[in-house]
Amino acid sequence: MNNIPLKIVSILIAVLIWLFASNASDPVDIKGYSVKVNVVNDDYIYRSGQTYQIADADRTVMVYITGKKSVITNRNDIVVEADMTQIVDKNTSPAYVPVQFKTVSGISAENVNIIPKTIPVQIENVKRKDFVITVNTDGKPGTGYEVGECIPSLEKISIEGPESTINKIKSVMVKIGVSGMNADDKRRGKLQVLDQNGANLTDDALEYLTFYNISQERMVDVSVKLWRIVDNIKVTADYSGTPAYGYQVDKITTTPETISVAGSEEALRKLKENNNTIEIPASQMNVEGLKQDLENNIKLSSLLKEEDGYKIPEDSTQSVMVKVSILPYGSKEFAVSTDDIKVIGLADNLRLSFSQDTVTVRVKANASELEALTESQIQTSVDLTDRLEGEHTLPVNIVLPDGYELVESTVATVQLSKVENTTRLED
């Protein structure tokens, strides 16, 4: 019992040393967590016949916790709630609701700082709207087939939610894979909601929507019907109107002359009954009063419509170039092969290739003379003197037999490329 004051001082010093050592090994620290806010008691909004929406950026707050490092580090149980009954003023736009820390083991609310302390809430009227479900396919079916019809198990769907969100929706679709399919089948895909820019609505935005007549997973079955592809379908064309006085229609050509078509069995049967021929209507090629050729690029989708059971395969030409050749009376058009064109002045270090297989030569004479003239009697040549590497459009020199007259000049496009030098290695 001697020296009691000294003993008390010793105890205090020991406690201070223990506190210092404890703080040195497990100091007080501040740790920040990004936490998504949980909304509670939102029936408070729904009971008034309204709904609400919180922007994605406002759904997350920063939570700063002060405490022992061992206590506040690596916490995955931090919860922040927004109680909708605590909205400051429901009549403002936006309204604001305070966010509160939900106490967890080892952490009390007085050691927590939340930024921001309130988040904006947009309270809106409820809107419900029907959307037609479209189908988008991914991949290509087996060789010889094209995706024809895709029929979803639901034709349309009703969606309810905040008016601003419903107004953002442009379309609703389901995406399915069809790679390698060679027979009709059913495929399943998840419903996707697209905004006006064609982007998927975020998961946060989807939380505020109610989907009717569909499972919570929003899965849709799709019946896929394949259409068979038929090649070598001929394309013909007609014309309407009358050319200018002194001119006549010589011929009509289409490029390409044949196409590939996919169709239902019924549609392909009808096509076969028409000798597998597609005719471009005369109304598409009106030559009334013309003195020169008429060319039109006709989209095949305007002739072969999906509602009639036809479709142009994705990897096939989607349009046809139709040309109506208009010539003066007493003239005729000849197609001379570019292989028969004589080449003059080609440099030794250059190679020549024509961009087309034939050139058009228009000749005037009486009917019997035109009937007797053949392409082999038409002499053609191009002069490449001083022409360098590259593409050139050149006049074609044409020599006709006596008694024939050239109606108009002819040009050809050629590509000149350098000849690669090669060195032969001797043993």
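Select glutamate 333 to begin, and notice that this residue of the predicted model is buried, with a relative accessible area of 9%; it counts as buried because its value falls under 20%. Now add arginine 362 to the selection, since the side chains of glutamate 333 and arginine 362 meet in a salt bridge, at 2.8 Å from N to O. Glutamate 333 belongs to strand S20 and arginine 362 to strand S23, so this pair ties together parts of the chain that are 29 residues apart in sequence.

**Around arginine 362**

Keep arginine 362 selected and check how much of it can be reached from outside: this residue is buried, with a relative accessible area of 5%. Which other residues form salt bridges with arginine 362? One of them is aspartate 293, whose salt bridge with arginine 362 has its closest N and O atoms 2.5 Å apart. That pair links distant parts of the chain, for aspartate 293 sits in the loop between strand S16 (277-280) and strand S17 (294-299), while arginine 362 is in strand S23, 69 residues apart. Unlike the buried arginine 362, aspartate 293 is partly exposed, with a relative accessible area of 25%.

Select glutamate 408 next, because its side chain also meets that of arginine 362 in a salt bridge, at 3.2 Å from N to O, and the pair ties together parts that are 46 residues apart in sequence. Glutamate 408 is found in the loop between strand S26 (405-406) and S27, and it is partly exposed, with a relative accessible area of 39%.

To view the wider arrangement, select Lys251, Asp293, Lys323, Glu333, Arg362 and Glu408 together, as these residues are linked in a network of salt bridges. The structure holds 16 salt bridges.

**The two pockets**

Move now to the largest pocket, which holds about 500 Å³ of space, and select Thr253, Thr255, Lys323, Thr358 and Thr360, the residues of its lining that lie nearest its centre. The lining has 19 residues, and these divide into 5 nonpolar, 8 polar and 6 charged. Which strand gives the largest share of this lining? Colour S14 to find out, for that strand supplies 4 residues, the largest share. Strands S14 (247-255), S19 (319-328), S20 (331-337), S23 (358-364) and S27 (410-418) each supply at least two residues of the lining.

The second largest pocket holds about 280 Å³ of space, and you can locate it by selecting Gln53, Ile54, Ala55, Asp56 and Lys168, which lie nearest its centre among its 18 lining residues. Strand S7 (118-138) and helix H4 (163-168) each supply at least two residues of this lining, and the largest share, 4 residues, comes from S7. By type, the lining divides into 8 nonpolar, 5 polar and 5 charged residues.

**A surface patch and a buried leucine**

Turn to helix H1 (residues 4-25), where isoleucine 4 lies, and select Ile4, Ile8 and Leu12, which make a nonpolar surface patch of about 270 Å². Is isoleucine 4 buried or partly exposed? Isoleucine 4 is partly exposed, with a relative accessible area of 39%.

For a last stop, select leucine 191 in strand S11 (residues 185-195), a residue that is buried, with a relative accessible area of 3%. If you then add isoleucine 151, you will have two residues that are 40 residues apart in sequence and 14 Å apart in space, taken from C-alpha to C-alpha.

Key:
Residues numbered from 1 in each chain as written. Predicted model: local features only at pLDDT ≥ 70, side-chain atom pairs only at ≥ 80, totals over all residues. Heavy atoms only, no water. 1 Å grid on protein atoms, 1.4 Å probe; cavity = no way out; pocket = protein on both sides within 12 Å on 5 of 7 lines; lining within 4 Å. Points joined across faces, edges and corners; volume = space filled by probe spheres on them. Nonpolar A, V, L, I, M, F, W, Y, C, P; charged D, E, K, R; others polar. Patch = residues over 30% accessible without salt bridge, like charges linked within 9 Å, V, L, I, M, F, W, Y side chains within 5 Å. Areas by Shrake-Rupley, 256 points an atom, 1.4 Å probe, with all protein chains shown as cover. Salt bridge = Lys/Arg side-chain N within 4 Å of Asp/Glu carboxyl O. Buried < 20%, exposed > 50% of the residue type's maximum accessible area, 1.4 Å probe, protein only.
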